[in-house]
Amino acid sequence: MDNDQRHESASALAQRLKSGDLTSVDLVMQCFERIRRCGDEAIFITLTEDSAMAAAKASDQRRAEDRVLSPWDGIPVAWKDLVDIPGTPTTAASAVYEHASAPQRAATVYQNCENAGLICIGKTNLSEFAYSGLGLNPHFGTPVNPYSTDDPRAPGGSSAGSAVAVAAGLVPLAVGTDTAGSVRVPAAFCGVKGFKSSQMHYDKTGVFPLSTSLDSLGTFAHTVEDLVIFDQILRGTKVEATPASNDLPKIIIPETIVFDALEDDVRTCFDAAVSKLEAKGFEIERQAFPIFDEVADLFAKHGTLTVAEAATYHETLLASADADKMDQRVRDRMLTASQFTAQDYVTLQWARERLEKAVCEYLGDALMLFPTVAITAPSIAALDGDDTYFIQTNLLALRNTMLGNYLGMPGVSLPIGCDAKGLPIGALVSGANLTDRNVLAHARRIQDLLDGVS
């Protein structure tokens with residue numbers, strides 16, 4: 001087998017570590033070699049090579065002494081630069097915090113991974129303060145979508161660097177966050193699997209917030225099997241083999257909002273994926289979903305929780321001279337919160353609680369399936385050069401996914417093909433609030449069926 005494990009899953013790499021075919025030191029060294037060779041310096045904000053090599057040597061020593069911390073002891077992972085990691089500043093990809101002091105305590109999810117022997121390769125780039133679905137960053141550069149040809153394409157955001165790091169084969173795993181689509185959009189744009197959890201599924205202590213009501217953690221990987229195992233590690237539970245579910249749950253395809261302004265190639269790929277699942281025996285119903293209409297009406301009348309909470313969190317910064325250091329598109333979006341009222345905020349929170357329960361009652365154990373994003377990855381140059389185009393494209397990119405954040409719905413974006421330009425297309429498998437493990441188990445089965453594995 002070729003020693004370049006560029007797109008091997010973490011599970012496959014773990015088996016090679018176990019068999020002695022590979023050492024963690026070799027694996028980590030190859031990660032850094034690939035990062036240097038790829039030439040895109042905007043993917044990572046911080047690389048932790050010295051500590052990673054020390055951790056890899058310690059992992060190999062544990063393995064030699066038959067005392068591994070978990071089956072994934074020695075596996076590399078990249079972290080979105082919102083997660084507190086001792087020894088590295090948490091910049092949130094902002095020039096304001098570029099030289100911030102390193103935190104003394106690790107985020108809970110990072111500590112859980114360290115307890116399992118996973119190795120931090122570095123911290124990845126993102127849209128400043130995680131406030132964009134496209135992944136552009138004027139301070140640290142914009143990671144280029146690996147599927148770009150002559151026209152560099154956006155990676156999706158805000159977890160841009162994490163998605164690109166996995167898609168480019170630099171690391172097998174990466175962590176992101178998702179407030180309106182920030183894991184699922186870049187997963188779809190970059191052709192990898194991306195899991196967005198329910199807001200309460202993981203402990204978010206030590207994770208820089210955008211919107212405390214809507215923020216959720218998420219992960220990127222090459223397989224849903226990896227997402228399932230990674231989920232156990234991030235939660236700090238024992239890693240156990242969990243086969244894909246053999247059940248075929250009912251799948252509902254909502255015909256409200258999510259198919260509006262859909263690119264033709266996205267519709268073609270999605271319809272082909274649905275036909276495959278129907279041929280495998282899934283019960284699939286296409287129907288209107290009025291709850292999505294109600295959410296859209298709420299946003300139109302009252303704004304979003306994100307802008308209110310983000311502007312409140314950054315209130316001091318926005319009123320200071322350092323506001324000039326911000327990405328001005330991000331600053332301008334936050335400043336729109338001046339039009340937001342206390343009544344707007346309360347109305348959105350009350351309605352959200354009611355609608356979350358309505359979704360749970362409506363779906364039960366069923367899943368929802370629709371295109372992750374209505375479009376494929378747009379041109380970075382076009383987005384950079386036209387504010388109006390940027391705003392319109394950002395709203396369209398996030399439109400489908402942000403519904404799930406407001407309604408508390410966990411989801412997995414699965415690659416289902418490419419458009420005529422070779423740009424990836426994703427389908428989103430979602431469930432009701434707090435059904436994360438059920439969604440992951442069924443998404444794994446759906447991925448296997450779409451890939452022709454079973």
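The exercises below, each with a worked solution, concern a predicted model.

**Exercise 1.** Determine how helices H9 and H15 are oriented to each other, and which residues meet.

Solution.
- Step 1: helix H9 covers residues 290–302, and its axis lies 11 Å from that of H15, at an angle of about 95°.
- Step 2: angles of 65 to 115 degrees count as roughly perpendicular, so H9 and H15 are roughly perpendicular to each other.
- Step 3: from H9, Phe 292, Val 295, Leu 298 and Phe 299 meet Met 402, Leu 403 and Tyr 406 of H15.
- Step 4: sorted by type, the residues of this contact are seven nonpolar, no polar and no charged.

**Exercise 2.** Describe the surroundings of helix H12 and find what links Arg 329 to Asp 387.

Solution.
- Step 1: H12 spans residues 328–335, and its buried residues are Arg 329, Val 330, Arg 331 and Met 334.
- Step 2: the cover over these buried residues includes helices H10 (305–313), H11 (315–318), H14 (380–385) and H15 (387–406).
- Step 3: at the start of H12, the backbone nitrogen of Arg 329 has a side-chain oxygen of Asp 327 within 3.0 Å.
- Step 4: the side chain of Arg 329 forms a salt bridge with that of Asp 387, at 2.7 Å from N to O.
- Step 5: Asp 387 belongs to H15 and Arg 329 to H12, so the salt bridge ties together parts that are 58 residues apart in sequence.
- Step 6: Arg 329 has a relative accessible area of 18% and is buried, whereas Asp 387, at 46%, is partly exposed.

**Exercise 3.** Classify the burial of both partners in the salt bridge of Asp 81 with Lys 123, and locate each partner.

Solution.
- Step 1: the closest N and O atoms of Asp 81 and Lys 123 are 2.9 Å apart.
- Step 2: Asp 81 sits in the loop between strand E2 (76–80) and helix H4 (108–115), and Lys 123 in strand E3 (residues 119–124), so the pair joins parts 42 residues apart in sequence.
- Step 3: buried means under 20% relative accessible area; Asp 81 has 0% and is buried, and Lys 123, with 0%, is buried.
- Step 4: for the wider setting, the whole structure holds 19 salt bridges.

**Exercise 4.** Is Thr 393 buried or exposed, and which residues does Thr 393 contact beyond its neighbours within four places in sequence?

Solution.
- Step 1: Thr 393 is part of helix H15.
- Step 2: the relative accessible area of Thr 393 is 7%, so this residue is buried.
- Step 3: apart from neighbours within four places in sequence, Thr 393 contacts Leu 134, Ile 375, Pro 378 and Leu 383.

Technical notes: Residues are numbered from 1 along each chain as its sequence is written. This is a predicted model: local features need pLDDT of at least 70, side-chain atom pairs count only at pLDDT 80 or more; totals for chains, interfaces and linings use all residues. Side-chain values use heavy atoms; hydrogens and water are left out. Buried means under 20% relative accessible area, exposed over 50%, partly exposed in between (1.4 Å probe, protein chains only). Helices (H or I, at least four residues) and strands (E, at least two) are DSSP runs, numbered from the N terminus. Contact means heavy atoms within 4.5 Å. A polar contact is a pair of N or O atoms within 3.5 Å; within protein, one must be able to donate a hydrogen and the other to accept it, and residues adjacent in sequence count only if both atoms are side-chain atoms. Axes are lines fitted to C-alpha atoms, for helices over the stretch in contact, and angles run from 0 to 180 degrees between N-to-C directions. Angles under 35 degrees count as roughly parallel, over 145 as roughly antiparallel, 65 to 115 as roughly perpendicular and the rest as oblique. Ala, Val, Leu, Ile, Met, Phe, Trp, Tyr, Cys and Pro count as nonpolar, Asp, Glu, Lys and Arg as charged, and the others, Gly among them, as polar. A salt bridge is a side-chain nitrogen of Lys or Arg within 4 Å of a carboxyl oxygen of Asp or Glu.
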